[in-house]
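Reader: I'd like to go through a model with you, one feature at a time. Could you give me the general idea first, then the case at hand?

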Amino acid sequence: MTLLEIDNLHLGLRTADGIVHALHGVTLHVDEGEMLAVVGESGCGKTVTMQTVLGLFSAREIAYRQGRIGFAGRDLLELPEDEMRRLRGSQIAMVFQDPMTALNPTLTIGHQIGEAILAHRRVSRAAAMRQAVALLSQVGVPQPEMRAAQYPFQLSGGLRQRAVIASALACGPRLLIADEPTTALDVTIQAQILALLRSLQRQYGMAIILVTHDLGVVAEMADRVAVMYAGRIVEEGPIDAIFSRPSHPYTWGLLECLPRLTTLRSQKLRTIEGAPPDLAGPLPGCAFADRCAHAMSVCWEYLPPMFDAGTKHQSACWLLHPHAAPIAEATRLRQSASAPDEKGLPRGRA
Amino acid sequence: MSVERAHETLDPPAEVFRPRAHGPAAKTVVVAPGRRREIVRRLGQNRLAVAGFWIIVALVFMAIIGPSLVPYAYDEQNLLEANEPPSGRHWFGTDDFGRDVFARTWTGARISLFVGFTAAFLDLVVGVVYGGISGYVGGTTDDVMMRVVDLLYGLPHLLSTVLFMVVLGPGLFTIIVAMVATGWLGMARLVRGQVLQLKELEYVQAAHALGIPSRRVLARHLIPNAMGPILVNLTLTVPAAIFTEAALSFLGLGVPLPLASWGTMTAQSLVTILTGDTWRLFFPAFFISLTMFAFNAFGDGLRDALDPRLRR
Amino acid sequence: MTAYLARRFLLSLLTLWVIITLTFVLMHAIPGDPFMSEARISPQAMENLRRYYGLDRPLLVQYGRYLANLARGDLGRSLRSEVRDINQIIADGLPISALLGAEALIVAVLGGITLGVLAALGHNRVPDYLSMGTAIVGISVPGFILATLLIDVFAVRLGILPVATWGTWKHTVMPAFSLALAPLAYLARLTRSSMLEELGQDYVKAAVARGLSRPRVIVGHALRNALLPVITVLGPLTAGILTGSFIIEYIFGIPGIGKIFVLSISDRDYPLILSGAVVYSVLLLATNFLVDVAYSLVDPRIRVLGRAR
């Protein structure tokens, strides 16, 4: 059952330096109860997409907006503000990247979680506070009553993020958007938070969109992956397909960049040459063409549509067009990365 | 808007599927325009600041040439023409001694602007030296020096200026000295803060590690980068000094006769509210306000332009 | 928190002592003595006067006596006024000045914050331009010049407000407004920039994402935090109002301590000048201390940690 469906979303934002064309036709969907990972480097539009879903941009900031965002049968882009407000926090919730800045420093944790409850349920203050404490305990915060009365600066990074997750869960959302939830945390805490998200997902049966730039995180968590570049989805598919049969040069680049246990000391770390394009200017063809080792003339002239790369697996690359010659490297990659282990993940992944 | 072609109907011909080396514009290197040019550009976009700047220029210009535009000296009395409203002969009218208000206004401008600029500049000198040393030396010296500043800060500027005036007696330079006596505190704090911040910057530590002597570090790295906020503070000190001078005049502690500043002119013309010849009061009062507005607008614009956070 | 406040209190006392000493030194640095201009006094009478005021003793002794007197709350005797006892002079004038100052403060705070919030919410649109335009004019036109303008328009030409002195509430309108305009403008600008800063913070977006209503986010989150820097600035702001009151009271002929202080300067009435400086300093330090207390109650970081951040 499709829960959220973003269809050909175009978005331009006003900034101090003019209009930035942030999204160029983003299309993706999330089904009930599944975890979708959205991967891409900084500035590719992942956060912008998520914030557009929740309608967090003010009318003044938006230069233009086209497309459709379907949720539970309604188009979120056409929804009046008060209905949007009722949806936020209760049906769709968001966990922001940095828990320190996502929490108001002068209000207690309990107050902020309680607020989220009171915004949507008609309960007494005291009942909301009790529920806040219960939520804190659910997300694994020890001594929840004490913590609820404390301020954000009194908690460690991991506890803060748990508190933020607690406030997101307050009304039992059907969709949780976690925008780089572990980027600001230590590696050991990262693992804990991710485990927490997994268990909460099973418990609540909610769908999760996990936005991240870290493929390692994706490998552990996601059911499906969408790879994003310069405001478009360039590849999307089930997790094992993406890791074992990646079909877009950008995805190849991302995967190659990951150091592996088998990487020798003497090998240089691989990078993708170049930098993402400036989103203030027009982009006639594939945005990745300038950095792509396999680029053809067509790549600069025409925008590649989504091609089928397998079951429920798509990639926006002209290499998949019948006219394109098969390339040695692509074949090599596919061959070396195939024969996955029992988890369905490519060899060499920790 | 990016140039989109419809997904479904697309089927490019076979020839364009040949591999192509990267286009000439493969690397979009975003060149950040020189910092100074960027600041000037942002300043230029602020209409209020630009207006302020040109007003200042116009005022200084008029202060220099204004008195020579009319055939009257500022202290030339002509009792036959006393108390005349603005006319073709006396553009700003005359006062009760028959003196031309236009000439007096621009001569007064010289005094007021001189006091304003000089006091602000001296504040800068004392503040930079004190704050610079305190910040750079650091440690206990810094602590002690800043404690002194904190203590002196408790006394309101106008109050201490008045007290100093009472002690030093009337005079153009005593006014300036009295104003600077406690006026430098703000600048000292600012400079010290800047120096402290910059001292911590890695490239300064790197320069030190390379053996570059302290004085060079201070002069070539710290000061130029701290210049921004210091310049803003300087620009905003001028209107404060002009205000203080005017306030002192109202209290009878302004520049002594025969000199006349805008402040003393305004103070002496208070009575015209009741007598009706308010042009005597209007012109100096208007120009004090205009000058303060211009410096405030320009100083504000400068501060916004220097703000590293690009926010409108 | 108490450690923080105790430190601030001690600093205030120290500052007060420095100010007193400084003023004392300044007064006695003036060449000649106050009675020299009194041509009609015989040398003997002059000598008596000097002895009465203790001016014949060595400086250090005078200083000691002054401090001792201050500790007892005795400010000394005025040289020129009809009412000799300075304590009495102050007691007469202080309530008037306090009333005027309080009025101006309330107008400035309420008006300034409101204007600033409106400007921030209507960022880069009409409310913003209007508010900030008013604000920049407000900090540019000195209060005493505004006072003259007001008197001209409302008292002389329109006749709806009294020109000067003190009496009914009508007498307070123009002076309070003249005193309030600059602080109001300053607060408006500060509130606006503080508010804009808070509105751009992540926690505001997060609050919206939780489904809180717009008023709740603006007031309960953004404004709440935006007012913190505004509170810190209340101390110097009150200082500005107090010093502004010198001239405003003088212009309007209001019998407050401001006018008394101004007259004492032109009269060279040293004990009164000294006392005026002391009284003002005490008022200011007390206000600053109260602001510190208020701030420490409001900012949880100080309450819990005993220091800001």
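**Core, contacts and backbone**

Author: Let's start with one residue. Apart from neighbours within four places in sequence, Ile209(A) touches Val30(A), Leu36(A), Val38(A), Met50(A), Ile177(A) and Ala178(A). Keep in mind that this is a predicted model.

Reader: How many residues does the largest nonpolar core have, and which have the most contacts inside it?

Author: The general idea is that nonpolar side chains tend to be buried together in soluble globular proteins. Here the largest nonpolar core has 258 residues, and Ile209(A) and Leu251(B) are those with the most contacts inside it. As for secondary structure, H9(C) gives the most to this core, with 16 residues.

Reader: On to the chain contacts. How many residues of chain C and of chain B does their contact take?

Author: People often give the size of an interface as the accessible area lost when the parts come together. Here we go by residues instead: 34 from chain C and 31 from chain B. On the chain C side, helices H1 (2-29), H5 (126-140), H6 (143-157), H9, H10 (257-267) and H11 (270-298) each supply at least two residues. H1(C) has the largest share of that side, 7 residues. By residue type, the side of chain C that touches chain B splits into 25 nonpolar, 8 polar and 1 charged.

Reader: And which helices of chain C each supply at least two residues of the side that touches chain A?

Author: Those are H8 (202-209), H9 (214-252) and H12 (300-305) of chain C. In this contact, 18 residues of chain C meet 23 residues of chain A. H8(C) gives the most to the chain C side, with 6 residues. The residues of that side divide into 7 nonpolar, 5 polar and 6 charged.

Reader: Now the backbone. Which value of phi does Glu180(A) have?

Author: As a rule, most residues other than glycine have a negative phi. Glu180(A) has a positive one, near 45°. Look for Glu180(A) in the loop between strand S7 (175-179) and helix H8 (187-204) of chain A.

Reader: Is Glu180(A) buried or exposed?

Author: Glu180(A) counts as buried because it has 20 C-beta neighbours inside 10 Å, and the cut-off for buried is 20 or more.

Reader: What about Asn124(C), buried or exposed?

Author: Asn124(C) counts as exposed, because it has 10 C-beta neighbours inside 10 Å. Asn124(C) is not a glycine, yet its phi is positive, about 60°. You'll find Asn124(C) in the loop between helix H4 (86-121) and H5 of chain C.

Conventions: Residues are numbered from 1 along each chain as its sequence is written. Chains are lettered from A and ligands numbered from 1 in the order in which they are written. This is a predicted model: local features need pLDDT of at least 70, side-chain atom pairs count only at pLDDT 80 or more; totals for chains, interfaces and linings use all residues. Two residues are in contact if their C-beta atoms, placed from the backbone, lie within 7 Å. Helices (H or I, at least four residues) and strands (E, at least two) are DSSP runs, numbered from the N terminus. Ala, Val, Leu, Ile, Met, Phe, Trp, Tyr, Cys and Pro count as nonpolar, Asp, Glu, Lys and Arg as charged, and the others, Gly among them, as polar. A residue is buried if 20 or more other C-beta atoms lie within 10 Å of its own, exposed if 12 or fewer, and partly exposed in between; C-beta atoms are placed from the backbone. A nonpolar core is a set of buried Ala, Val, Leu, Ile, Met, Phe, Trp, Tyr and Cys residues joined through C-beta atoms within 7 Å.
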